[in-house]
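Me: I'm new to reading structures, and I'd like to know where the labels come from. Can we go through a few of them, one at a time?

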Amino acid sequence: MNRRVAVVGHGVIGARVAEELARGGVDGAELVGIVVRHAPDTPAGPLLTLEQALDAADLVVECAGQPVVHEIVDAVLSRGSDLVVTSVGALLDDRLGPRLGSLGPGRLLATHGAVGGLDLLASAARSGGLDTVHVRTTKKAPALVRDWMSAAEAERITQSPEPVTVFSGGPSEAARLFPDSLNVVAALATAVGSTDRVTVELVGDPSATRTTHEITASGDIGDYSFVIRNTPSAQNPRTSAVTAWSVLQTIASLTGRAPLIA
């Protein structure tokens with residue numbers, strides 16, 4: 001099935017996704033335009049309003065952050081278009097999470113972003129056999145500093161010669177405090193269908209050269225362990241370079257042209 005795609009956002013992820021679609025990089029997917037607040041110098045395709053995009057596209061891809069998910073989700077899904085969300089942390093927000101089952105007729109789809117193994121964990125969770133799921137994410141320490149932090153906390157993170165724990169808790173709070181760094185956590189919680197069983201640890205490491213996600217899960221059905229080490233984006237070290245390619249793979253899976261593993 002051919003898909004007419006509109007990309008919302010033209011940052012590091014959105015620009016790459018739009019560029020690949022514009023050059024025909026996804027068989028069966030056509031870029032119809034880009035929705036942005038501020039026009040980029042060299043957009044990969046026509047600039048559209050959201051309304052114009054919904055007239056032209058049957059698939060909208062969000063690459064603009066959690067606030068934009070809340071702005072567009074109702075308009076997109078009520079028109080019958082599918083929405084691919086890259087800012088998966090929005091799904092854990094109380095403004096959206098409780099409404100997921102009532103939205104439509106379009107479908108809300110989440111990319112797996114910079115992490116793998118979610119299909120296996122989702123299968124294990126479906127059996128009722130997972131008791132605990134833990135994710136430990138390690139990044140270069142300065143990439144974890146946020147504007148809401150005190151000067152003392154920012155200094156603790158950036159000046160420590162050793163790895164330092166920046167956050168420890170649940171996925172909803174993690175996604176709220178670190179929305180551009182912990183979409184992986186939201187994707188994991190969504191895959192296993194629970195925030196209660198998932199715990200999160202976020203570590204800043206002055207010697208880190210890659211972003212590392214260590215995922216462990218256990219229960220009656222089995223024990224699972226995954227380690228993913230991603231190279232950070234050169235343009236934005238808070239996101240992994242592979243994320244845009246994950247989005248493109250999600251789009252490819254929706255065209256019916258990509259080979260499927262059943």
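Reply: Sure, and let's start with handedness. A crossing is right-handed if the near helix is turned clockwise from the far one by less than a right angle, and left-handed if it is turned anticlockwise. In this model, which is a predicted one, helix α1 passes helix α8 in a right-handed crossing.

Me: What makes α1 oblique to α8?

Reply: Look at the angle. The axes of α1 (residues 12–22) and α8 (residues 243–253) cross at roughly 45° and come within 9 Å. Roughly parallel needs an angle under 35 degrees, and roughly perpendicular runs from 65 to 115. The crossing angle fits neither, so α1 counts as oblique to α8.

Me: Which residues make that contact?

Reply: From α1 you have Ile-13, Arg-16, Val-17, Glu-20 and Leu-21. On the α8 side there are Thr-243, Ala-244, Trp-245, Val-247, Leu-248 and Ile-251. They divide into eight nonpolar, one polar and two charged. Arg and Glu go in the charged group, and Thr goes in with the polar ones.

Me: And what do the buried residues of α1 pack against?

Reply: They pack against β1 (3–8), β2 (29–35) and α8. The buried residues include Ile-13, Val-17, Glu-20 and Leu-21, and those four also take part in the contact with α8. Just after the helix, Gly-24 takes a positive phi of about 80°.

Me: Is Thr-212 buried or exposed, and how do you know?

Reply: Check its relative accessibility, which is 13%. Buried means under 20%, so Thr-212 counts as buried. Thr-212 is in strand β9 (residues 211–219). Beyond its sequence neighbours, Thr-212 is in contact with Arg-136, Thr-137, Thr-138, Val-227, Ile-228 and Arg-229.

Me: What about Ser-160 and Ser-225: which is buried and which is exposed?

Reply: Ser-160 has a relative accessible area of 18%. The cut-off for buried is under 20%, so Ser-160 is buried. Ser-225 has 56%, and exposed means over 50%, so Ser-225 is exposed.

Me: Where do those two serines sit?

Reply: Ser-160 lies in the loop between α5 (151–159) and β7 (164–169), while Ser-225 is in strand β10 (residues 222–230). Leaving aside sequence neighbours, Ser-160 touches Glu-155 and Pro-206, and Ser-225 is in contact with Ile-215 and Thr-216. Ser-160 is also 44 residues from Gly-204 in sequence and 9.0 Å from it in space, C-alpha to C-alpha.

Me: Why is the contact of α4 with α7 counted as having no polar and no charged residues?

Reply: Go through who meets whom. Leu-118, Leu-121, Ala-122 and Ala-125 in α4 meet Ala-187, Leu-188, Ala-191 and Val-192 in α7. Ala, Val and Leu count as nonpolar, so the residues divide into eight nonpolar, no polar and no charged. These two helices pack at an angle of about 35°, with their axes 7 Å apart.

Me: What does UniProt place at Asn-183?

Reply: An unreviewed UniProt entry places the feature "binding site" at Ala-114 and Asn-183. In the model, Asn-183 is found in α7 (residues 183–192). Leaving out residues up to four places away in sequence, Asn-183 touches Gln-66, Thr-86, Ser-87, Val-88 and Gly-89.

Terms used:
Residues numbered from 1 in each chain as written. Predicted model: local features only at pLDDT ≥ 70, side-chain atom pairs only at ≥ 80, totals over all residues. Heavy atoms only, no water. Axes fitted to C-alpha atoms, helices over the stretch in contact; angles between N-to-C directions. Parallel < 35°, antiparallel > 145°, perpendicular 65-115°, else oblique. Contact = heavy atoms within 4.5 Å. Buried < 20%, exposed > 50% of the residue type's maximum accessible area, 1.4 Å probe, protein only. UniProt positions renumbered as here; feature names shortened; annotations may be inferred.
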